[in-house]
Amino acid sequence: MRKYGLIKLGLAAVMLTSASAASEGADVSGGPAYLPPAPPLPFVYNWTGFYAGAHGGVGWSDGDGGGSTGFIGGGQVGFNYQINQWVLGVEGDFAGTTIKDSVSATVVGPGVVITGNAEASLDWVSTLAPRVGYAFNNWLVYGKVGGAWAHASGNVSTGINGMQFGSISVDETVSGWMLGIGAEYALWDNWTAKIEYNMMDFGNGGPFNDNKFNILKAGINYRFGAPAWHF
């Protein structure tokens, strides 16, 4: 009886060992017991909030005067509100310019030389417009249509045989409309950089021969408020 008891205990030990090995083998062949962690969500730039910045660039008119070009420089403020990838906002800007246009003429007659000179300057421009954009990765591409204002000054003088005898000055603020397209890129923290093209039309107002102006500018913005990046 003792011999059979030892045999039964031995068989039981062998069966337990085999079951344990089979269980371990099944665990190894079946892969890990826990799923690997999910990859981290990408960071997305948050365009919502108030912002302010500065810009500079060049401007020119559509006229044939030849001298109606110059530099611009100023600042802008605005507000964006992001809905998924769409960004809605409004922006106002103001810039001084060196854009000028000039023309001169001479008429020669018997014993007389009549000269005429005219010069017009676009002193500053300003716009206020709603903005609609689409955001992807670090980029925001947008368009805008709104109002435009400008201050223009001009002077016309005439002379006979080298002596000036008449001069007229013009100084006025004109209004019109504008459209623009641009792209803005998120740099770091709350800073962004942009490039933008504007076309402004002031109708028949002002001393310029042609009252349509083009502006190409680059700028930088700082957005106030919450952190710029989020999951």
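**Group meeting: a predicted ten-strand model**

Let me start with one residue, Q76. Setting aside neighbours up to four places away in sequence, Q76 contacts Y51, A52, G53, A54, H55, E91, G92, D93, K194, I220 and N221. This is a predicted model, so please take everything I say as computed from predicted coordinates. Q76 sits in strand 3, which covers residues 69–83. Its relative accessible area is 3%, under the 20% limit, so Q76 is buried. There is also a polar contact here: the Q76 side chain comes to 3.5 Å from the backbone oxygen of I220.

Now the whole chain. The average pLDDT of the protein is 78, and 62% of the residues reach at least 70. Residues 1–19 have pLDDT below 50, and that stretch makes 0 contacts in the model beyond near neighbours in sequence. Residues 25–29 are also below 50, again with 0 contacts beyond near neighbours. Where pLDDT is low, the predicted coordinates should not be read in detail. I will leave those two stretches there.

On secondary structure, the protein has 1 helix and 10 strands. Along the sequence the helix comes before the strands, in the pattern α-β-β-β-β-β-β-β-β-β-β. Of the contacts between residues at least 6 apart in sequence, 64% link residues at least 24 apart. Of the 231 residues, 32% are buried. The exposed surface is about 13900 Å², and carbon and sulfur atoms account for 67% of that.

Next, the pairing around strand 9, residues 212–223. Strand 2 pairs with strand 9 in the antiparallel sense, over 11 bridges. One pair to look at is G57, whose bridge partner in strand 9 is K217. Strand 8, residues 191–201, is also antiparallel to strand 9, and 11 bridges join these two. There, M199 has N214 in strand 9 as its bridge partner.

N214 comes up again with G59, a residue of strand 2, which spans residues 49–61. Is G59 buried or exposed? Its relative accessibility is 2%, so G59 counts as buried. Beyond four places in sequence, G59 touches S68, T69, G70, I72, I99, N214 and I215. To take one of these, I72 is 13 residues from G59 in sequence, with a C-alpha to C-alpha distance of 6.7 Å.

That brings me to the nonpolar cores. Which residues touch the most other members of the largest core? That core has 14 residues, and the answer is L122, V125, A150, M200 and F202. At least two residues each come from strand 4 (86–109), strand 5, strand 6 (139–160), strand 7 (163–188) and strand 9. Strand 5 contributes the most, with 3 residues.

L122 is in strand 5, which runs over residues 112–136. With 3% relative accessibility, L122 counts as buried. The C-alpha atoms of L122 and F213 are 9.9 Å apart, while the two residues are separated by 91 positions in sequence.

V125 is another member of the core. Not counting residues up to four places away, V125 touches D93, F94, A95, T97, W149, A150, M200 and I215. Of these, D93 is also in contact with Q76, and I215 is also touched by G59. A second core, separate from the first, has 7 residues, including Y45, W47, A135 and A186.

That is what I have on this model.

How values were computed. Residues numbered from 1 in each chain as written. Predicted model: local features only at pLDDT ≥ 70, side-chain atom pairs only at ≥ 80, totals over all residues. Heavy atoms only, no water. Helix = DSSP H or I, 4+ residues; strand = E, 2+ residues; numbered from the N terminus. Buried < 20%, exposed > 50% of the residue type's maximum accessible area, 1.4 Å probe, protein only. Contact = heavy atoms within 4.5 Å. pLDDT = per-residue confidence, 0-100. Areas by Shrake-Rupley, 256 points an atom, 1.4 Å probe, with all protein chains shown as cover. Pairing = 2+ DSSP bridges. Polar contact = N/O pair within 3.5 Å; in protein donor to acceptor, adjacent residues only side chain to side chain. Core = buried A, V, L, I, M, F, W, Y, C linked by side-chain atoms within 4.5 Å.
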